[in-house]
Amino acid sequence: MTYLEWKPEFSVGVPAVDFEHQELIALINQLHESLQAGESPDRLQQFVGELNARISAHFALEEKLMREARYDQYAEHKQDHEALLDEIADIGDAVGDDSEARSDELAGQLDEWFSVHFRTHDARLHQKLG
Ligand SMILES: [Fe+2]
Ligand SMILES: [Fe+2]
């Protein structure tokens with residue numbers, strides 16, 4: 001499994017946001033490691049719950065900034081956040097069902113989601129607000 005790595009192209013030019021994004025990448029990598037280590041479904045579900053809380057908090061902050069700035073692509077950006085939260089919920093269900101292959105596959109999709117979201121939605125948002 002190739003883990004998601006921070007790349008300079010992910011930078012949105014706002015140090016606090018870049019820092020939070022790096023933290024989220026570290027959590028996703030921990031999820032991959034926990035899946036590979038074959039942690040119990042209970043532990044994995046707990047971890048997915050924590051991951052969900054951290055990501056939700058990050059999204060809530062971005063959405064608040066967008067509303068305050070009357071950002072023109074608020075709806076599209078929020079929709080992409082919601083799609084990711086749905087994926088994380090699916091991972092939580094898959095580890096609860098103990099379907100290992102499925103949770104690995106879903107976790108792989110998170111990497112893709114993050115690299116695309118950082119480079120597109122987040123980069124545009126923070127350029128507009130910055
Ligand atoms: Fe975002
Ligand atoms: Fe973000």
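Where does Leu61 lie? I looked it up to get my bearings: Leu61 lies in helix 2. Helices here are DSSP runs of H or I with at least four residues, numbered from the N terminus.

**Ground rules.** I am working with a predicted model, in which local features need pLDDT of at least 70, side-chain atom pairs count only at pLDDT 80 or more, and totals for chains, interfaces and linings use all residues. Residues are numbered from 1 along each chain as its sequence is written, chains are lettered from A and ligands numbered from 1 in the order in which they are written, and side-chain values use heavy atoms, leaving out hydrogens and water.

**Leu61 and its patch.** I found Leu61 partly exposed at 41% relative accessibility; buried means under 20% relative accessible area, exposed over 50%, and partly exposed in between (1.4 Å probe, protein chains only). Leu61 joins Leu65 and Leu129 in a nonpolar surface patch with about 210 Å² of accessible area together. Such a patch takes residues with over 30% relative accessible area and no salt bridge, with nonpolar side chains (Val, Leu, Ile, Met, Phe, Trp, Tyr) joined within 5 Å and like charges within 9 Å. The areas come from the Shrake-Rupley method with a 1.4 Å probe, and for residues only the protein chains shown count as cover.

**Helix 4.** Next I checked helix 4, which covers residues 100–129. Its 30 residues reach 41 Å from first C-alpha to last, close to the 44 Å expected at 1.5 Å a residue (the expected span is 1.5 Å times one less than the number of residues). I also noted a kink of about 40 degrees centred on His117; the bend is the angle between axes fitted to the seven residues ending at a residue and the seven starting there.

**Aromatic rings.** How many aromatic pairs does a search of the whole structure find? I got 6. Rings of Phe, Tyr and Trp (its six-membered ring) pair if their centres lie within 6.5 Å; planes under 30 degrees apart count as stacked, over 60 as edge-to-face and the rest as tilted. Trp6 and Phe10 are edge-to-face, at 5.7 Å centre to centre and 75 degrees between the planes. Trp6 is partly exposed at 27%, whereas Phe10 is buried at 0%. Phe59 and Trp113 make a tilted pair, at 5.8 Å and 50 degrees. Phe59 lies in helix 2 (residues 41–68) and Trp113 in helix 4, so this pair ties together parts that are 54 residues apart in sequence. I see that Phe59 is buried at 3%, and Trp113 is buried at 9%. These four residues belong to one aromatic cluster with Phe114 and Phe118.

**Salt bridges.** My search of the whole structure gave 8 salt bridges, each a side-chain nitrogen of Lys or Arg within 4 Å of a carboxyl oxygen of Asp or Glu. Arg119 meets Glu9 at 3.1 Å, N to O. That pair links helix 4 with the segment before helix 1, 110 residues apart. Asp72 pairs with Arg124, with the closest N and O atoms 2.9 Å apart. Here the link runs from the loop between helix 2 and helix 3 (74–96) to helix 4, 52 residues apart. Asp72 is exposed at 51%, and Arg124 is partly exposed at 24%.

Glu105 and Arg102 also form a salt bridge, at 2.8 Å between the closest N and O atoms. What separates Glu105 and Arg102 in helix 4? They are 3 residues apart, which is about one helical turn. My last note is that salt bridges with shared partners join Glu63, Lys78 and Glu82 into one network.

Key
Helix = DSSP H or I, 4+ residues; strand = E, 2+ residues; numbered from the N terminus.
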